[in-house]
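User: I am new to this structure and would like to understand the reasoning behind the terms used for it. Could you take me through them one at a time?

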Amino acid sequence: MELFLQQVFNGIMFGSTYAIVALGLTLVMGILHIPNFAHGHLYMLGGYITYLFVATLGLGYWPSLLIAIVVLGFVGIIMEAVVYRPLNEQPHINAFIAAIGALLVLESAVEVIWGPQGMRVPNPYPHTFEFLGIIMSVQRLLVIFGAILLIVLLHLFLKKTLTGTTIEAVAQNREGAMLNGINVNRVSSLTFFISSGTAAVAASFIAPIFVISPAMGAIIGMKAFIIVLLGGMGSIPGAIIGGYFLGLIESLGGGYVSAAYKDVIAFGALIVIFSIKPTGLFGKKEG
Amino acid sequence: MLKLNQVNTHIGGLHIIQDVSLNIEKGEFVALLGSNGAGKTTLFRTIAGVLKPKTGSIELDGVAIDKLPVHKIVEMGLVLCPQGRQLFPELSVQKNLLLGAFPLRGDKTRIQKNLDKVYDLFPILRERTFQQAGTFSGGEQQMLAIARALMGEPRLLLLDEPSMGLAPLIVKQIGEVIENINHEMDTTVFLSEQNANMALNITDRGYVLESGRCTLEGPCDELKKDEKVRKAYIGA
């Protein structure tokens with residue numbers, strides 16, 4: 001029982017990270033209509049910006065996190081303007097290729113600056129304690145509750161503010177939004193800011209617990225892409241539930257079978273779900 | 001108010017709109033007639049700024065708008081209610097309407113006033129405030145599209161084939177509302193229609209578009225008598 005609870009706790013923690021990253025990916029997918037394959041690399045860069053300010057420059061954890069959000073937000077805006085916007089009217093395959101170019105640039109740049117080896121961000125809250133037989137740390141709880149807070153805030157922003165509603169409007173009908181006087185380019189920039197900024201939050205939360213490395217962008221990027229497919233393309237609840245689902249499967253599979261098989265179990269479950277429901281858990285029928 | 005001079009629009013190498021010039025005065029109610037494929041939608045999309053003309057000029061109250069982005073043109077008071085309605089299918093009626101008032105953002109009293117106004121115009125929308133737009137029938141969607149376009153208080157409203165695919169009774173109803181918009185709300189209206197019968201009965205004058213060229217123009221009474229118009233668009 002304790003093993004089970006411990007794995008559920010860890011699964012929820014991983015799931016929190018996945019949910020935030022997948023949420024950002026799904027928001028941008030609504031705007032671009034293609035996945036931003038470089039999204040995981042923005043997450044990775046967010047981890048390194050936090051590392052730069054905490055470990056190298058000796059700033060506190062929270063100020064560093066805020067700086068990472070803003071820096072990544074602007075990296076996102078630049079990426080949209082330089083990589084995607086010029087390809088707006090072109091076939092989607094061009095944007096696919098550009099996205100792969102962008103992720104290679106980000107990964108190489110980080111590798112040149114910080115090297116290929118893993119780095120560790122000092123843990124601001126290393127204190128651990130036991131609750132119901134589960135070993136928890138304050139930082140791990142921060143990941144979980146921080147993610148929930150972020151998801152709630154994002155939901156309120158999208159559903160309750162006019163600016164948030166314009167993001168949904170552009171995703172549902174780009175030309176309709178334009179004809180209502182909405183500056184579609186500005187909405188795209190804003191969406192990229194939010195998407196990259198939230199990826200930076202996820203990375204900064206988890207960076208003190210695990211080592212960061214240039215290669216982690218590709219792994220989480222692929223997982224986020226799979227979560228978005230699993231939850232149903234463009235579905236926000238789907239991205240959140242899919243994120244927690246993948247976190248739990250990985251963690252329980254890793255705990256009960258073998259940690260070496262956790263990706264096999266997670267992706268195996270994915271194949272099973274797609275064979276039963278090809279549009280994903282919350283997917284809509286095309287057309 | 002709206003002035004087009006020798007406008008030419010190309011889409012993917014095809015020369016769709018050819019040397020179109022026209023002039024609409026404030027308060028007028030003007031029809032754009034033409035068969036399917038004549039270029040009515042392309043002309044409207046060019047005026048609204050979605051497509052950019054290759055040559056020629058478009059002026060709104062003396063200001064050149066042919067190089068402005070769509071949202072700037074909307075802010076100047078020219079709103080296109082597009083063919084195919086282009087609603088936000090997963091948003092509620094209310095959110096669709098509030099987005100229509102985007103140019104007035106922040107001015108709560110004016111937005112509320114406009115909301116009441118369009119709900120009076122289309123009572124069915126008031127009953128369905130919180131329903132998703134995508135679940136509506138074609139006629140209801142057309143009403144919502146017109147209502148949404150009115151929310152931003154356009155001075156010049158372009159309506160692209162509002163009767164398309166609708167039952168005759170709904171067409172009549174929508175025609176009456178458009179007349180009302182022109183007469184009561186002090187809005188200049190430019191109406192594109194394949195349904196020449198409906199358009200010629202409610203508008204003051206019209207232009208006829210054939211293969212991207214403006215071939216005929218005049219008051220509706222004259223157009224109704226014109227042999228070519230009768231044959232091609234009225235079927236009498």
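User: What makes A:E175 and B:R45 a salt bridge?

Analyst: A salt bridge requires a side-chain nitrogen of Lys or Arg within 4 Å of a carboxyl oxygen of Asp or Glu. For A:E175 and B:R45 the closest N and O atoms are 2.4 Å apart, so the pair satisfies that definition. The count between chain A and chain B is one salt bridge. This is a predicted model, in which local features need pLDDT of at least 70 and side-chain atom pairs count only at pLDDT 80 or more, while totals for chains, interfaces and linings use all residues. Side-chain values use heavy atoms, without hydrogens and water, residues are numbered from 1 along each chain as its sequence is written, and chains are lettered from A, and ligands numbered from 1, in the order in which they are written.

User: How many residue pairs are in polar contact between chain A and chain B, and what does that term require?

Analyst: Six residue pairs are in polar contact between the two chains, both residues being at pLDDT 80 or more. The term requires a pair of N or O atoms within 3.5 Å; within protein, one must be able to donate a hydrogen and the other to accept it, and residues adjacent in sequence count only if both atoms are side-chain atoms.

User: Which helices of chain A supply the side that touches chain B?

Analyst: α5 (138–160), α6 (162–172) and α7 (174–179) of chain A each supply at least two residues of that side, helices being DSSP runs of H or I with at least four residues, and strands runs of E with at least two, numbered from the N terminus. The largest share, six residues, comes from α6(A).

User: How large is the contact, and what is meant by the area buried?

Analyst: Counting heavy atoms within 4.5 Å as contact, chain A gives 19 residues and chain B gives 23 residues. The area buried between them is about 1,900 Å², with 61% of it from carbon and sulfur atoms; buried area is the accessible area (1.4 Å probe) that two parts lose on being put together, summed over both. In chain A, the residues that lose the most area to chain B are A:Q172, A:L179 and A:N180, together 35% of what that side buries.

User: Why are β1(B) and β2(B) said to pair?

Analyst: Two strands pair if DSSP finds at least two bridges between them, and seven bridges join β1 (residues 2–11) of chain B to β2(B), so the pair meets the definition. The two run antiparallel, with B:L2 partnered by B:I24 and B:I11 by B:L14. They form a hairpin with two residues between them, and B:G12 in the turn has a positive phi of about 50°.

User: What makes β2(B) an edge strand?

Analyst: The open sheet of chain B has four strands in the order β2-β1-β4-β5, with antiparallel pairing. β2 (14–24) and β5 (63–64) each pair on one side only, which is what marks them as edge strands. β1(B) is also joined to β4 (residues 55–60) by five bridges, where B:N5 has B:S57 as its partner.

User: Where does chain A have a hairpin?

Analyst: β1(A) and β2(A) form a hairpin with two residues between them, and A:L132 in the turn has a positive phi of about 55°. The strands, residues 128–131 and 134–137, pair in the antiparallel sense over four bridges, and A:F129 stands opposite A:M136.
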